[in-house]
Amino acid sequence: MALLSVNKLTKSFGGLTAVLNVNMEINQGELVGLIGPNGAGKTTVFNLITGMYEPTSGTITLDSNGIKKEIQGLKPYTICNIGLARTFQNIRLFKDLTVLDNVRIAMHKNVKYGLFSSFFHLPSHSREEALLTRKSLELLEILKLDHKKDELARNLPYGEQRHLEIARALATNPVLLLLDEPAAGMNPAETAQLTELISWIRKEFNLTILLIEHDMSLVMKICERIYVLDYGMVIAEGTPEEIKNNKRVIEAYLGEDMSNAGD
Amino acid sequence: MEQLFQQAINGISLGSIYALIALGYTMVYGIIKLINFAHSDVYMLGAYIGYVCMTKLKLGFLPSLLISMALCTLIGVLIEKIAYKPLRNATRIAVLITAIGVSLFLEYTTMAIAGANVRTYPPLTGFMNMSFEIGSVSITMMQIIIVSVTIVLMVLLQFIVKKTRIGKAMRAVSLDSDAAELMGINVNTTISFTFALGSALAGAAGIMVGNYYNSINPLMGMLPGLKAFVAAVFGGIGIIPGAMIGGYFIGIVEVLVSGYGNSMYRDGVVFAILILVLIIKPTGLLGKNTREKV
Amino acid sequence: MGNKAKSNLAIKIILLAATFVIIQLLIFLDVINDYLQATMATICINIILAVSLNLITGFTGQFSLGHAGFMSIGAYTCALITLRNPTLPGFIIGVFAGAVMAALIGGIVGLPTLRLRGDYLAIATLGMSEIIRIVFLNLDSITNGAAGLQDIPQFTNWIWLFIFTTGTVLVISNFIKSSHGRACISVREDEIAAEAMGINSTRYKVIAFIIGSFFAGIAGALYASTFNFIDPKIFGFSKSIDVLVVVVLGGLGSISGSIIAAVLLGIITTYLQAFANIQMILYSVLLIIIMIFRPQGLMGSKEVSLSIFSKLGSIIKPKKGRA
C-alpha cells in the first residue's frame, strides 16, 4: 500500500484548470520527483496535498502506520500534524526570528505544557523548553547551522536559508517530506552538496520524499521515480532512465535536450 | 407610508454627506492603504471655513462652497506633503499613528482658535429657506441642494477618474505603485492629487452639513468620519462606487433606525451591519476576494 | 548559564522591590501628593493596557482598535460589584470578575472577527467596541446610561497598582517566552508558513485576544476603582487610539518599550498640564514628529535587557574570566 495516494486530483481557479485528474502514488521510503515546465501545476499539487488549497475534486489519502486517512481539504496545520511537512519555493522563513526559534516553532506540536504553565513558567515549562531547545540544536547541528542559532533568519546567506527551511520542515517530525525546488538559485557546488544532504536526511530520518525540482542533474541523480506534469496533467511516470527517453516529455520541454541532462 | 417617504428623503440627504466623506477615505486607502483619520477633520474644517465665509464675509452659499472646497484641497495636500510623505517607506501602522496625530492637531488647533463651544450657521434666507410639502412629506431646499451638489460632484469625480490622464494615473498607482512609477507616472503627484480630490469633497460635505444642521464644533468630524469610513468599508474599500453606495446605505439605515426603532441604538446598528458585512464578505459589497499566493 | 539566569532574576527582583519601597516611602512622606498618585495610577493602567494590546497587535500581529471596549467591561463589572459589596474582598472579586468577563467577551468577539486580516480586523474590532459602548449607554437600569456610575468605592492604591502591573507584565512576558508565545509570533511573521509548520493560527489569534482582553479588563477595573466614576464616553474610540499610540510609540513587539512609552507619556502629559489650552496641540505635534523620525517606535522590537547593568558593572570593575 502506498504511503500517499493521490486520486483524480483536480483544481480549478475560476475558469482556469490548474491541475486535472492527477493520479500519483508514493510508496514508503521512496524518493519521488515531480517535474514539468513552468506553470505546469507542480506547486499547485503541493499546495493541494498540504492543504493550502482545497481541491475541486479528487482524493488524497495518507497511510501512515496502517492508519488510512483522507486528507484533502483539511487545514494545513492538521495535515502537518498528521505527518506531512513541506518547504516553500519562495523561502518563507520567519525572517525576523532567530534560527533557533524558527526550528522551535516547528516543534510546537510536541509541546505538552499548557497555557497556565506558560504564564508562570512552571517546572513543566522549564523542563520541556530545555528538551525542545536541545532537540532543535541537534537538528541544527545536522544541518550545520548550530553555530548560527542566534542569528536572525533574514541574515543567513541564501543557501543556508534553504537549509533552514529543510531543518524547520524536519522539526515537525514528518513521515513524508515535500520539497519545493530546494536547489532553486543554487550554484552547481551548492546543488551537489544539497543532493548529498537530501539522500542523507532521507536515510537518517527514515523519510519518504516528494521533490519538485528544475535542476535535472539533481532530479536524475537522486529520484527513484519521476512524475512529469504538463498543463496540469501527468504526461509520464517512470524511472529517470524511462523519463529521459520519453517522447512526450521531450516534447513538453520543447527542445530542451533531456538526454544530456543527467550526465 | 408617507412617514417612510419622509425618512427616505432625510436618509438620502444624510447619506449624501456620508458618501462625500467616504469617497475621500476610499480613494486615499485605495492609493496608499492608509486609513486617513485626519480626513474627518478636513470635513470639520470645511464646515468652519464655510462658517467664516457666510458670517464674517457675508458671502452666499455657492461662493462659500467653492472657497471651502478650494481651501480644504489646499489643507489636504499640505497634510499629505508634511505629515505622510516623509513616511512613504515606513510601516503602515506608523503612518496610521501619524494620521491620528494630524487629526488631533486639527481638532485642537481649531478649538484653540475658534473655541470649544458650538457655533451656529446663519439662518438660511430667500429661496434657500424654501421647503416643499407633498402631502405630509416635506422636502427642504437644503436637502435638494445637498443631493444635487453631491450628484454633480460624483459625476465630476467619475469623469476625472475614468476619463482624464491623472485619473488613469490614480487607478494605475492604486493597482501597483511600483509598476506605475516604472511606466513614468509621477507617484507623488498622483497621491497629492488624490488627497486634493478627497479633501475637496470633504470640504463640500462640511459646509453643507453646517447649513443643514446649523451647528458646528471642533469635534464634529469624529463620529460622521467613523461612519463614513464604515460606509467605505461596507461598499468595498478602495472602490469609488462602493463608497457612494455605502454612504447612502448607512445614511438611510441610520434614519430608519432612529425613525422606527430606538435612536439610541442608531450607531450600534450601523456598526453591527459593518461587522456582519465584514464577516460574510470581508472585502465589502463590491470588493473582489483575493487570496494570498502561496 | 543557570547561574547567570539566577543572578539576572535576583537583580530584577531587587530592582522591582526597590521601586516599590521607594515609591511607597515617598507616598508615606507625602512627597508624592494625591495629584501625582493619580498620575501614577494612570501610568500603571496604561502600562497594563499597552502591554496587553502589544500581545495582540505587536506580537501576534492582529491589528485591534477595540481595546477600550474590553477595558470598559472590566470597569463596569468591577464597579457594579464593589458598589454592592464595598469591601476589600469585593474589590478583589470585582477585578477578577471584570477580567474574566472581558476575556469571555473577547473570546466571543474574537472567534468570528479574527478571520479578518489587517485593516479589516481593525475596523471590525473598532465596531465591536463601539457596540459594547452603545450597549452600556443603553442599559440604563444597570449602568445608569450616559450619566455613568458615581461614587465607586476606591480601593486602588499604590500596592494594588504595583501588584497588578507587575503581574500583568510578568505573565505576558512569560507567555511570549514560551512555545505558545512563539506560536503567536510565528502567526505575525508569516501566517501561511506557521500553518504549514503545524500552528493553528486561528487558535493562537483567539488565545492572544482573550489574554489581551483579560488584562484590559483588569486595567478597566483598576480605573473604576481609582477614579470613582465611569461613563461610556470614557471608553470611546479615542481611548483605544490612546492605547495604540502608547504601543506604537514604545515599539510593536517590545514589552519594555510599552512600559517606557506609558511612563514617558504620563510624565509628558503631566508637564503639558501647565499649558492647558494648547496641551493637545503639543501632544499631537510631538506624536507626528516622533513618527516621522522614529517610525519603529522608541524600542523597535527590542527589549531593554539587564546586560546594560552587567556592562556598567564591567566598566566599574576590572574584567574577570567567565566562571
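**A tour from a helix pair to the core**

Begin in chain B of this predicted model: select F249(B), I250(B), V253(B), E254(B), V257(B) and S258(B) in helix 10, which meet R266(B), V269(B), V270(B) and I273(B) in helix 11. Now show both helices in full, residues 240-260 for helix 10 of chain B and residues 266-280 for helix 11 of chain B. Two packed helices are described by the angle between their axes and the distance between the axes. Here the angle is about 140°, and the axes of helix 10 and helix 11 of chain B lie 9 Å apart. Helix 10 and helix 11 of chain B are therefore oblique to each other, and their crossing is right-handed.

Next, select L164(A), Y84(B), M208(B) and I230(C). Of the 254 residues in the largest nonpolar core, these four touch the most other members. From chain C, this core draws at least three residues from each of domain 1 (1-32) and domain 2 (33-316). Another core, of 28 residues, lies apart from it; to find this one, select M24(A), Y53(A), L176(A) and L210(A), which are among its members.

Return to I230(C) and zoom in. Beyond residues up to four places away in sequence, I230(C) touches A75(C), Y76(C), A79(C), G148(C), L149(C), I152(C), Y223(C), A224(C) and F235(C).

For the last stop, stay in chain C and select E189(C), which lies in helix 8 (residues 179-189). Which residues does E189(C) contact, leaving aside its neighbours within four places in sequence? They are F94(A), K95(A), D96(A) and L97(A). Finally, add F214(C): E189(C) and F214(C) are 25 residues apart in sequence and 24 Å apart in space, C-alpha to C-alpha.

How values were computed
Residues are numbered from 1 along each chain as its sequence is written. Chains are lettered from A and ligands numbered from 1 in the order in which they are written. This is a predicted model: local features need pLDDT of at least 70, side-chain atom pairs count only at pLDDT 80 or more; totals for chains, interfaces and linings use all residues. Side-chain values use heavy atoms; hydrogens and water are left out. A nonpolar core is a set of buried Ala, Val, Leu, Ile, Met, Phe, Trp, Tyr and Cys residues joined through side-chain atoms within 4.5 Å. Buried means under 20% relative accessible area, exposed over 50%, partly exposed in between (1.4 Å probe, protein chains only). Domain bounds come from an automatic or database domain assignment. Contact means heavy atoms within 4.5 Å. Axes are lines fitted to C-alpha atoms, for helices over the stretch in contact, and angles run from 0 to 180 degrees between N-to-C directions. Helices (H or I, at least four residues) and strands (E, at least two) are DSSP runs, numbered from the N terminus. Angles under 35 degrees count as roughly parallel, over 145 as roughly antiparallel, 65 to 115 as roughly perpendicular and the rest as oblique. A crossing is left-handed if the near helix is turned anticlockwise from the far one by less than a right angle, and right-handed if clockwise.
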